[in-house]
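Work through the three exercises below with the sequence and the model open. Each task is followed by a solution in steps.

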Amino acid sequence: AITTLNPATCDDIRRQSRPLVAFSPEVRDLRESLHAFLTQSLYRHYLVETMWVKSQRLVAAVFSALAHDPGQLPPHVRARVGPSCSLRRAICDYVAEMTDRAAVREYHRLFEFDMQVLP
């Protein structure tokens with residue numbers, strides 16, 4: 001396609017209505033077959049879907065709990081709240097920085113009782 005167009009400038013390429021670089025039909029078919037397999041067997045596997053739904057609930061619950069009672073936020077996160085950073089933005093950034101394990105620990109900190117700290 002590039003040889004046929006014989007572009008002289010970048011604008012010649014930008015004006016094209018279709019991509020100039022693409023897979024060959026054989027490679028495109030292989031890619032589509034692989035994508036279909038991965039979608040069915042990996043991306044949409046029922047165990048992956050289950051974890052996806054759980055993670056959405058976990059993040060929503062953590063965010064909601066912290067927004068409802070900001071006193072549960074660590075001091076360094078609360079310190080960010082001000083004219084240039086809303087409470088919701090500070091919570092969002094705090095949650096976004098968490099690893100998966102840290103998010104689960106935060107959920108447990110907010111919602112589970114620790115029998116070791118009870119009198």
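**Exercise 1.** How far is the sulfur of cysteine 92 from the closest cysteine sulfur, and which cysteine holds that closest sulfur?

Solution. The model is a predicted one.
- Step 1: the closest cysteine sulfur belongs to cysteine 85, and the distance is 9.7 Å.
- Step 2: a disulfide requires two cysteine sulfur atoms within 2.5 Å, so cysteine 92 and cysteine 85 are too far apart for a bond.
- Step 3: by this rule the count of disulfides is zero.
- Step 4: for accessibility, cysteine 92 is partly exposed at a relative accessible area of 32%, while cysteine 10 is exposed at 51%.

**Exercise 2.** Determine which elements line the largest pocket and what kinds of residue they supply.

Solution.
- Step 1: the volume of the largest pocket is about 350 Å³.
- Step 2: two elements give two or more residues to its lining, helix 4 (46–68) and helix 7 (100–111).
- Step 3: helix 4 gives the most, five residues.
- Step 4: the lining includes Met51, Leu58, Asp100 and Tyr107.
- Step 5: by type, the lining residues are eight nonpolar, two polar and two charged.

**Exercise 3.** Where does asparagine 6 lie, and is asparagine 6 buried or exposed?

Solution.
- Step 1: asparagine 6 sits in the loop that runs between helix 1 (2–5) and helix 2 (10–14).
- Step 2: its relative accessible area is 61%; exposed means over 50%, so asparagine 6 is exposed.
- Step 3: most residues other than glycine have a negative phi.
- Step 4: asparagine 6, although not a glycine, has a positive phi of about 50°.

Note on methods:
Residues numbered from 1 in each chain as written. Predicted model: local features only at pLDDT ≥ 70, side-chain atom pairs only at ≥ 80, totals over all residues. Heavy atoms only, no water. 1 Å grid on protein atoms, 1.4 Å probe; cavity = no way out; pocket = protein on both sides within 12 Å on 5 of 7 lines; lining within 4 Å. Points joined across faces, edges and corners; volume = space filled by probe spheres on them. Helix = DSSP H or I, 4+ residues; strand = E, 2+ residues; numbered from the N terminus. Nonpolar A, V, L, I, M, F, W, Y, C, P; charged D, E, K, R; others polar. Buried < 20%, exposed > 50% of the residue type's maximum accessible area, 1.4 Å probe, protein only.
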